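Please read the following explanation with the sequence and the structure side by side. It goes from charged side chains to strand pairing and ends at the surface.

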Amino acid sequence: MEPQQLEQLANAFCKLFVSNERSIGRFHPSTGKMDTLYEPLKPSDFIAHFQGKVGVGAVPITDANTCYWGAIDIDNHGEEEDTSIAPIDKVVTEQHLPLVVCRSKSGGVHAYVFFEDPQPASKVHGMLTEWAAVIGYPGAEIFPKQTALRTNPATGNRHLGNWLNLPYFITDKTNRYAFRSGEVLS
């Protein structure tokens, strides 16, 4: 992908994944380790993500306890085969749910919802919990995990929230793609 295309895509993902500005998650493919960086998500983080240098994770809950996006995280930890994405996409389509179904880093599925305007985290969490049951995964993890970011009384520091690995790591050869109507989306 050309540098200008990467920059345009990175800017688009920054607008799509408006996240908490105090931390991002990182996955280091060379070591398999993850860590948290205490700064906002930037286009340069997405460029590194798209190039496969460092994977990016984002925290959907903002300090205002609102979300511009959320996700249902259907894990397959401990399973040898990936979670089948097509049946999940079929239910999403049949039920007219406003979800974008993507393959996750671990071979599971992330079902994302996006909002033009910020929504209360409690509303997003509740809605995604209901939709997880509708698509057949009532025990799935929901992001945002928190409905409000509390302050630690001992330190006075605000909790950060949990981050989720994002799609399209190594865009040219990604296994973290969106899927719609039987098609892998670039």
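Asp-63 has a relative accessibility of 31% and therefore counts as partly exposed, a value that, like every other one here, is computed from a predicted model. The side chain of Asp-63 meets that of Arg-22 in a salt bridge, with 2.9 Å from N to O. Asp-63 sits in the loop between strand S3 (55–58) and S4, whereas Arg-22 sits in the loop between helix H1 (3–16) and strand S1 (24–28), so the pair ties together parts that are 41 residues apart in sequence. Arg-22, at 23% relative accessibility, likewise counts as partly exposed.

This contact belongs to a set of seven salt bridges that a search of the whole structure finds. Another of them is formed by the side chains of Asp-35 and Arg-26, again with 2.9 Å from N to O. Asp-35 is partly exposed, with a relative accessible area of 28%, and Arg-26 is also partly exposed, with a relative accessible area of 23%.

A further salt bridge, with 3.4 Å from N to O, brings together the side chains of Asp-45 and Lys-42. Here the two partners fall into separate classes of exposure: Asp-45 has a relative accessibility of 12% and counts as buried, because buried means under 20%, while Lys-42, with a relative accessible area of 30%, is partly exposed. Salt bridges with shared partners join Asp-45 and Lys-42 with Glu-39 into one network.

From the charged pairs we turn to strand S3. Gly-55 and Gly-57 point one way from S3, Val-56 and Ala-58 point the other way, and all of these residues are buried. S3 runs antiparallel to S1, to which three bridges join it, and in this pairing Gly-25 stands opposite Gly-57 of S3. S3 also pairs in the antiparallel sense with strand S8 (residues 164–165), over two bridges, where Asn-165 of S8 stands opposite Gly-57. Gly-57 thus has Gly-25 opposite it as well as Asn-165 in S8.

What gathers on the surface in a patch of negative charge? The patch is made up of Glu-79, Glu-80, Glu-81 and Asp-82. Glu-79 lies in the loop between strand S4 (66–74) and helix H3 (85–94). With a relative accessible area of 56%, Glu-79 is exposed, because the class of exposed residues begins over 50%.

Conventions: Residues are numbered from 1 along each chain as its sequence is written. This is a predicted model: local features need pLDDT of at least 70, side-chain atom pairs count only at pLDDT 80 or more; totals for chains, interfaces and linings use all residues. Side-chain values use heavy atoms; hydrogens and water are left out. Patches are made of residues with over 30% relative accessible area and no salt bridge: like charges are joined within 9 Å, nonpolar side chains (Val, Leu, Ile, Met, Phe, Trp, Tyr) within 5 Å. Accessible areas come from the Shrake-Rupley method with a 1.4 Å probe; for residues, only the protein chains shown count as cover. A salt bridge is a side-chain nitrogen of Lys or Arg within 4 Å of a carboxyl oxygen of Asp or Glu. Lys and Arg count as positive and Asp and Glu as negative; His and the chain ends are not counted. The place of a charge is taken as NZ of Lys, CZ of Arg, CG of Asp or CD of Glu. Helices (H or I, at least four residues) and strands (E, at least two) are DSSP runs, numbered from the N terminus. Buried means under 20% relative accessible area, exposed over 50%, partly exposed in between (1.4 Å probe, protein chains only). Two strands pair if DSSP finds at least two bridges between them.
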